[in-house]
Amino acid sequence: MEKNESFLSNSCSFANVRPIMAALPYPPIRVQEKNQAYANLLSIDYCGSVSELSAITQYINNENRLSCNDCSMAGTILGIAMAEMMHLQKLGELIVLLGGTVDFTAKYRNVRPKMWTPEYLTIPEKVEKMLEADIEAETAAITQYTMHMNMIQDGYVNAVLARIIKDEEYHIMLLQALLKQ
């Protein structure tokens with residue numbers, strides 16, 4: 001680099017950021033038997049409008065926009081995004097075990113399958129609105145997971161969904177604390 005050359009740099013270091021999750025183990029990833037209907041339900045959780053893929057993308061976008069102004073908040077958002085990535089991975093394994101495919105297409109009942117799109121995201125400019133949108137998304141995910149658990153008669157699958165809900169509840173608590181700052 002030349003002596004007169006200048007540059008901008010992000011001063012945040014996220015080297016020690018880890019997934020932010022409830023301090024509970026995950027149940028084993030297994031299913032009672034193949035079931036395409038259950039795989040289709042989980043495809044909605046995987047990549048529907050309310051989904052882990054949507055959450056990851058929204059959180060990473062928020063972290064990117066926050067990282068130059070608030071390293072602590074950005075690090076928390078990144079840790080939540082990492083937990084959502086783990087959820088996505090676990091859902092993908094369940095979908096495959098159930099006989100489904102992981103192709104970023106949500107397979108709704110009686111509706112044409114729909115490919116994931118960034119149109120599902122809520123990306124407000126102000127930090128307060130950003131956190132409120134994240135809380136709304138987590139709340140919607142819990143509602144959807146609970147609904148799917150009521151439709152799925154596989155104790156193994158439901159145990160994983162119940163454990164994911166614990167993380168989502170923890171994320172809401174953290175996001176609410178950030179909102180109060």
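This is a guided tour of a predicted protein model, arranged as a series of selections.

**Whole chain**

Begin with the entire protein in a cartoon view. The model contains 5 helices and 2 strands, and from the N terminus on the order of elements is α-α-α-β-β-α-α. Computed along the principal axes is not the viewer's default frame, so align to those axes first: the C-alpha atoms then fill a box of roughly 65 × 30 × 30 Å. Colouring by accessibility picks out the buried residues, which make up 46% of the 181 residues. If contacts with a separation of 6 or more are drawn, 80% of them join residues 24 or more positions apart.

**Helix 2**

Select residues 52–66, which form helix 2. Its 15 residues reach 21 Å from the first C-alpha to the last, close to the 21 Å expected at 1.5 Å a residue. Which residues of helix 2 are buried? They are Glu 52, Leu 53, Ser 54, Ala 55, Ile 56, Gln 58, Tyr 59, Asn 62, Glu 63 and Leu 66. Show the surroundings as well: the cover over these buried residues includes helix 1, helix 3, helix 4 and helix 5.

**The largest pocket**

Keep helix 2 displayed and add helix 4, residues 127–151. Each of these two helices supplies at least two residues of the lining of the largest pocket. Helix 4 gives the largest share, 7 residues. The space in this pocket amounts to about 240 Å³. To centre the view, select Ser 49, Val 50, Ser 54, Gln 58 and Ala 137, which lie nearest the pocket centre among its 20 lining residues. Two of the residues just selected, Ser 54 and Gln 58, are also on the list of buried residues of helix 2. Colouring the lining by class gives 9 nonpolar, 5 polar and 6 charged residues.

**Two residues of helix 4**

Remain on helix 4 and select Lys 129, which lies in this helix. Is Lys 129 buried, partly exposed or exposed? Lys 129 counts as partly exposed because its relative accessibility is 44%, between the limits of 20% and 50%. A distance monitor from the C-alpha atom of Lys 129 to that of Leu 179, 50 residues apart along the chain, should read 9.1 Å.

Next select His 148, also found in helix 4. With a relative accessibility of 2%, His 148 counts as buried, since the limit for that class is under 20%. Leaving aside residues up to four places away in sequence, His 148 touches Leu 41, Ile 44 and Asp 45.

**The second largest pocket**

Leu 41 and Ile 44 lead on to the second largest pocket, as both line it. The full selection is Ala 37, Tyr 38, Asn 40, Leu 41, Ile 44, Lys 107, Tyr 108, Arg 109 and Met 151. Helix 1, residues 36–47, provides the largest share of this lining, with 5 residues. The volume of the pocket is about 170 Å³. By class, its lining has 6 nonpolar, 1 polar and 2 charged residues.

**Helix 3 and the loops after it**

Select residues 71–97, which form helix 3. Its 27 residues should span 39 Å at 1.5 Å a residue, and the end C-alpha atoms are 39 Å apart, which agrees. Helix 3 is followed by Gly 99, where phi is positive and near 100°.

Further along, select Phe 104, in the loop between helix 3 and strand 1. Most residues other than glycine have a negative phi. Phe 104, although not a glycine, has a positive phi of about 60°. At 37% relative accessibility, Phe 104 counts as partly exposed.

Continue to Asn 110, in the loop between strand 1 and strand 2. The phi of Asn 110 is positive too, near 60°. Is Asn 110 buried or exposed? With 79% relative accessibility, Asn 110 counts as exposed, the limit for that class being over 50%.

**Helix 5**

Finish with residues 155–180, which form helix 5. This helix has 26 residues and reaches 38 Å from its first C-alpha to its last, close to the 38 Å expected at 1.5 Å a residue. Zoom to the start of helix 5, where a side-chain oxygen of Asp 154 comes to within 2.9 Å of the backbone nitrogen of Tyr 156.

Notes. Residues numbered from 1 in each chain as written. Predicted model: local features only at pLDDT ≥ 70, side-chain atom pairs only at ≥ 80, totals over all residues. Heavy atoms only, no water. Helix = DSSP H or I, 4+ residues; strand = E, 2+ residues; numbered from the N terminus. Buried < 20%, exposed > 50% of the residue type's maximum accessible area, 1.4 Å probe, protein only. 1 Å grid on protein atoms, 1.4 Å probe; cavity = no way out; pocket = protein on both sides within 12 Å on 5 of 7 lines; lining within 4 Å. Points joined across faces, edges and corners; volume = space filled by probe spheres on them. Nonpolar A, V, L, I, M, F, W, Y, C, P; charged D, E, K, R; others polar. Expected span 1.5 Å × (residues − 1). Polar contact = N/O pair within 3.5 Å; in protein donor to acceptor, adjacent residues only side chain to side chain. Contact = heavy atoms within 4.5 Å.
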